[in-house]
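Trainee: I am new to this structure. Could you walk me through it, one question at a time?

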Amino acid sequence: MSTETLVENPSNTAESKPAVSTPYNLNEFDTSVMGTYGRFPIALAQGKGCRVWDTEGREYLDFVAGIATCTLGHGHPALVEAVTQQIQTLHHVSNLYYIPQQGELAKWIIEHSCADRVFFCNSGAEANEGAIKLARKYSHKVLGIEKPVILSAKASFHGRTLATITATGQPKYQKNFDPLVPGFQYVPYNNIEALENAIADLDEGNQRVGAIILEALQGEGGVRPGAREYFLELRKICDETGILLILDEVQVGVGRTGKYWGYEHLGIEPDVFTSAKGLAGGIPIGALMCKKFCDIFEPGDHASTFGGNPFACAAALAVNQTLEQENLLQNVQQRGEQLRTQLRAIAAKYPDIFVEVRGWGLINGMELNADIELTSVDIVKAAMAEGLLLVPAGPKVVRFVPPLIVSAEEVNQAAQILERTVGQLAP
Ligand SMILES: *Cc1c(COP(=O)(O)O)cnc(C)c1O
């Protein structure tokens, strides 16, 4: 394992531990906040680097990072400085006016991706919603399809609005919310034959496939990387037919995989792609990028009040500039290798529990044996009690998505905690 330290990690400083605990009443919370989440029973009060502390003063190593969102961890000086400076200057004005920070961020994204134009919003679902609207208008105007169909993958995740739960190929997110949005069909991920069949089957009368939306690596669906051969073939099909290729990079974009964008692992470029989670390191933002057909959206077609405000854009610029200046992509690649090696050693020690370790860079999953009772939630809860935060990706996959600044020592420590945890759970 490499011993070089690429990253100055603020979580290793002595002053980072909070002085006092201020216990918080979780029951009171539940009487006032809608019960849409199954929350783990801790409240977090403070963070520094890759560590967080709960309201009882307990310390955790954070391998969740706000669900693959806190790119620079907690309290990173570059992010703190950027948002402090921006809120003191100007934080929101609306898109009635030109916003220099928005223009600068768009330019940065264009220079670091295949994109030609960017639209800003506030979340992943909203970015995908924009992509769906763009795909519909493109299908009508460019392809001349009266009833366009958008294909998406089974086990995918694209968000929680009505259109994005429809695009999400998992019935559990759609249950009780019908009628869903018309014009969506599902195909198995990484299966080119099924895709070709679906495109052929749907070509009937005034109906035809106008777009395909896929994740470069399926995150929520169980940390399943896209297959290069599949995406190469898919790109060819889209070029031949004019079908718009949309990639949802909400979870994997902005360095998470060790490359700036997930599609760089697949040897292709999308026509349209979306970003959100890690883009501003935990400040709400979403972005819709297009490489082709950028003039499909005309004035009045799409909008967001908060979208691309100076505050969020200043945060995103700081995150992305830091990513580059601190050479974090290299850290992501090295720490990812290290983590997978250590997780594979644990999996090999408990072959009855684990079936696979997989991922790219710092998005990794450990898949549990389907035939045993143990679930990902069981492991996450037990690891939390030992001081390590993890997040399930479905009932049988434990996901590891630490901040991209994570150090070699912190990866070692996470692996040690996990090994101890699994040892306690093993029969
Ligand atoms: C999290 C996620 C979304 C939804 O993002 P929100 O900001 O929660 O709306 C969409 N797509 C993917 C791939 C995601 O991981």
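The questions below go from domains to core, helices and strands.

Mentor: Keep in mind that this is a predicted model. Ask away.

Trainee: Which domains does the domain assignment give, and how far apart are their C-alpha centres?

Mentor: The assignment gives domain 1 (13-25 + 43-75 + 329-393 + 402-425) and domain 2 (80-325). In the contacts between them, 24 residues of domain 1 meet 29 residues of domain 2. Their C-alpha centres are separated by 28 Å.

Trainee: Where does the largest nonpolar core lie?

Mentor: This core has 101 residues. Phe63, Leu151, Phe354, Met366 and Leu418 have the most contacts inside it. Domain 1 and domain 2 both contribute residues, so the core lies between them.

Trainee: How many residues are in the second, separate core?

Mentor: Among its members are Ala167, Ile213, Cys290 and Ile296. The second core is separate from the largest one. Its count is 19 residues.

Trainee: Leaving aside neighbours within four places in sequence, what is methionine 366 in contact with?

Mentor: Methionine 366 is one of the residues with the most contacts inside the largest core. Set aside its neighbours within four places in sequence. Its contacts are then Leu343, Ile346, Ala347, Phe354, Glu356, Val357, Lys396, Val397, Val398, Phe400 and Leu418.

Trainee: Why do the buried residues of α9 line one face of the helix?

Mentor: Helix α9 runs over residues 228-241. Its buried residues are Tyr230, Phe231, Leu234, Arg235, Ile237 and Cys238. An α-helix has 3.6 residues a turn, so residues three or four places apart point the same way. Seen down the axis of α9, the buried residues line one face because they fall within an arc of 165°.

Trainee: What covers those buried residues, and which exposed residues sit on the face turned away?

Mentor: The cover over the buried residues of α9 includes α8 (192-201), β7 (207-215) and β10 (244-248). The face turned away from the buried side carries exposed residues. They are Glu229 and Glu240.

Trainee: Is arginine 228 buried, exposed or partly exposed?

Mentor: Arginine 228 belongs to helix α9. Leaving aside neighbours within four places in sequence, it is in contact with His265, Leu266 and Gly267. Its relative accessible area is 42%, between the 20% limit for buried and the 50% limit for exposed. So arginine 228 is partly exposed.

Trainee: How many of the 16 residues of α10 are buried?

Mentor: At 1.5 Å a residue, helix α10 (residues 310-325) should span 22 Å, and its end C-alpha atoms are 22 Å apart, which agrees. What covers its buried residues includes α3 (77-89), α4 (100-111) and α11 (328-349). Those buried residues include Pro310, Asn320 and Leu323. The helix is mostly covered, and the number buried is twelve.

Trainee: Do strands β2 and β3 run parallel or antiparallel?

Mentor: β2 (residues 51-54) and β3 (residues 59-62) are joined by three bridges. Tryptophan 53 has glutamate 59 in β3 as its bridge partner. The two strands form a hairpin with four residues between them, and glycine 57 in the turn has a positive phi of about 90°. Their direction is antiparallel.

Trainee: Which residue in β15 stands opposite leucine 61?

Mentor: β3 also pairs with strand β15 (residues 388-389). That pairing is in the parallel sense, over two bridges. The residue opposite leucine 61 is leucine 388.

Conventions:
Residues are numbered from 1 along each chain as its sequence is written. This is a predicted model: local features need pLDDT of at least 70, side-chain atom pairs count only at pLDDT 80 or more; totals for chains, interfaces and linings use all residues. Side-chain values use heavy atoms; hydrogens and water are left out. A nonpolar core is a set of buried Ala, Val, Leu, Ile, Met, Phe, Trp, Tyr and Cys residues joined through side-chain atoms within 4.5 Å. Buried means under 20% relative accessible area, exposed over 50%, partly exposed in between (1.4 Å probe, protein chains only). Domain bounds come from an automatic or database domain assignment. Contact means heavy atoms within 4.5 Å. The expected span of a helix is 1.5 Å times one less than its number of residues. The arc is that of the directions from the helix axis to the C-beta atoms. Two strands pair if DSSP finds at least two bridges between them.
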